[in-house]
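Look over the sequence and the coordinates before reading on. The paragraphs below go through the two chains, their domains and the contact between them.

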Amino acid sequence: MGERQVEFRHVSFKYQEDMPWVLKDVSFTIGPDEWVAIIGHNGSGKSTIAKLMNGLLFPQEGEIIVDGMKVTPETVWEVRKQVGMVFQNPDNQFVGTTVRDDVAFGMENHGMPRELMVERIKESLEAVRMEAYERHEPHRLSGGQKQRIAIASVLAVSPEFIILDEATAMLDPKGRKEIMKTVSDVQQERDLSLVTITHDLQEVTLASRVIVMNGGEVWMEGTPRDVFSRKEQLTEIGLDTPFVSKMADHLKEEGLSLSREPLNHQELLEDLCTSRLNM
Amino acid sequence: MSSSLIIGQYIPTDSVIHRLDPRSKIAIIFFYVVIVFFANSVMSYGVLALFAVGSALLSRVPFRYIMKGLKPVWFLIVFTFLLHLFVTREGDVAFSIFGWDVYREGLVQGGAISLRFFLLILVTSLLTLTTTPIEITDAIEELLGPLKKVKFPVHELALMMSISLRFIPTLMQETEKISKAQASRGVDFRTGTLKDRVKAIVPLLVPLFVSAFKRAEELAMAMEARGYQGGEGRTKLRELRISKLDISLYVLFALLVIALFMTRS
């Protein structure tokens, strides 16, 4: 096994021969323990990236390397052990008739022995704080709870990478918060790289790195602070910036100087307090 | 939608019957159905009835639930009894009603056939009352296992059954949602002629089908992403195990068979 990273090397992809390219010459690397957010408009190729990483699709040009393995139909089962995926619709990825059965599904597929499964079910349900729901059926869970189970199911196989493909898009704000909390806890506890594909700007600020996709190409790459400070470029492709970021802009227009691009209310508040003193 | 929706008619009373391996239950019921047809004396029927009623009592399933299971077949039981009563013309005349002679043999045969029916339904409904649908699915997968050798897709069949079971509540919730949405647009499901009401189901079924297909597609992708590659090399979390309880059941059943053949006339 090679080094723990996912690497896209000049990847181009289209769904059908006579269709336009969905991804054009995309290259990037996701390293160990990183949290990378991928943002972009509908049709910018974000979700395609997720499916390519997991071997649900294969690129026409370029290659994708996961842990030193090239993703091909031969290596795909090995790749799927390392790259777990959580999808958008909480209902349509719940396979088991109970929570316990669903968490076991991935492990059963990989032929794990039963004793290990029982142990891992417990561990991963604890990691998402759903251990009290082990015997529950899916229709007795909320959307956020189902997504937490989906995360537990992925954790149970103990992958090195977890992709959340708009996993919070169908949830209410409370469910969204739950998921983000779960995800960041899990990422801190385990050696994991996270890839979140999202529209939610709050999610983006939690990431360590942001990749902005536009028209199938990597438009911008950098830390969230970095990306949100380049507002013109973001608005050019029709992407919004977080409220705090906009607020900071207005404050700057009014003549206030801020030391950095704030990512959340707390940061903006701190900055305002200190700048007030400087005046 | 109640939050405790249970598919099928499973009653969780956690009795000895519940704890039996579902494979044992299915197999024993199968053989019971066969041996019921060998009974031909009062005593032999008595032995069979003892087994069935005894199991029902052991299951601790409330009587009214068992009766509920028998409801759709009461008519059939009564009908066959009456049919035999009036059509059989053998033996002595027992009595006559409304100028129609009822023969002794008719009485006996009608009684026997109805009792047979009753026992069959009682025993088979005990299976669904004491076994969860998913246990039945697992048992079927195991019992049909040998058919894999002739390329029969046993695992796929079981997976299909378990996915159906999982999605029944989901689709029911969805049906409710769609019917409300359509009702708010003026579709009337409740009144009108039969033809009108059947027609009103179309705007309910079409969106339901469309969404079911979409779900199927997404679920298939999610399953693949989680490493599903067919039944080959798969391990199972839910384990079926033959316990001492099952062995006792086999012994009991063997005794039943012996008793049955000894009491036959």
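What follows starts with chain A, moves to chain B and ends where the chains meet. The model is predicted.

Chain A is divided into domain 1, residues 6–240, and domain 2, residues 242–279. The bounds of domain 1 can be set beside a database record: an unreviewed UniProt entry carries the annotation "domain: ABC transporter" over residues 6–240 of chain A. Within residues 6–240 of chain A, helix accounts for 38% of the chain and strand for 24%, and the end C-alpha atoms are 28 Å apart.

The C-alpha centres of domain 1 of chain A and domain 2 of chain A are separated by 33 Å. Where these domains touch, 8 residues come from domain 1 of chain A and 7 residues from domain 2 of chain A. On the domain 1 side, helix 7 (201–206) and helix 8 (224–229) of chain A each supply at least two residues. Helix 8 of chain A gives the most to that side, with 4 residues. By class, the domain 1 side consists of 3 nonpolar, 3 polar and 2 charged residues.

Chain B has its own domain assignment, with domain 1 made of residues 16–131 + 241–263 and domain 2 of residues 156–225. Between the C-alpha centres of domain 1 of chain B and domain 2 of chain B the distance is 39 Å.

For chain B the UniProt record, again an unreviewed entry, lists "transmembrane region" at residues 29–58, 70–87, 107–129 and 245–263. Two of these stretches can be described by their secondary structure. Residues 29–58 of chain B are 83% helix and 0% strand, with end C-alpha atoms 16 Å apart. Residues 70–87 of chain B are 100% helix and 0% strand, and here the end C-alpha atoms are 25 Å apart.

Helix 2 of chain B runs over residues 22–36. Its 15 residues, at 1.5 Å a residue, should span 21 Å, and the end C-alpha atoms are 21 Å apart, so the expected and modelled spans agree. The buried residues of helix 2 of chain B are B:Pro22, B:Arg23, B:Lys25, B:Ile28 and B:Tyr32. Their cover includes helix 5 (104–130), helix 6 (133–143) and helix 9 (244–263) of chain B.

Helix 8 of chain B, residues 194–225, can be treated in the same way. With 32 residues at 1.5 Å each, helix 8 of chain B should span 46 Å, and because its end C-alpha atoms are 46 Å apart, the span agrees with that expectation. There is nevertheless a bend of about 25° at B:Leu204, and a proline, B:Pro207, follows within four residues. Just after helix 8 of chain B, B:Gly227 has a positive phi of about 90°.

Which residues of helix 8 of chain B are buried? They are B:Leu219, B:Ala222 and B:Ala225. What covers them includes parts of the other chain, namely helix 2 (76–82) and strand 6 (83–86) of chain A.

This leads to the contact between the chains, in which 29 residues of chain B meet 30 residues of chain A. On the chain B side, helix 7 (154–184) and helix 8 each supply at least two residues. Helix 8 of chain B provides the largest share of that side, 8 residues. Sorted by class, the side of chain B that touches chain A has 12 nonpolar, 8 polar and 9 charged residues.

Notes. Residues are numbered from 1 along each chain as its sequence is written. Chains are lettered from A and ligands numbered from 1 in the order in which they are written. This is a predicted model: local features need pLDDT of at least 70, side-chain atom pairs count only at pLDDT 80 or more; totals for chains, interfaces and linings use all residues. The expected span of a helix is 1.5 Å times one less than its number of residues. The bend at a residue is the angle between axes fitted to the seven residues ending there and the seven starting there. A residue is buried if 20 or more other C-beta atoms lie within 10 Å of its own, exposed if 12 or fewer, and partly exposed in between; C-beta atoms are placed from the backbone. Two residues are in contact if their C-beta atoms, placed from the backbone, lie within 7 Å. Ala, Val, Leu, Ile, Met, Phe, Trp, Tyr, Cys and Pro count as nonpolar, Asp, Glu, Lys and Arg as charged, and the others, Gly among them, as polar. UniProt positions are given in the numbering used here, feature names are shortened, and annotations may be inferred rather than shown by experiment. Domain bounds come from an automatic or database domain assignment.
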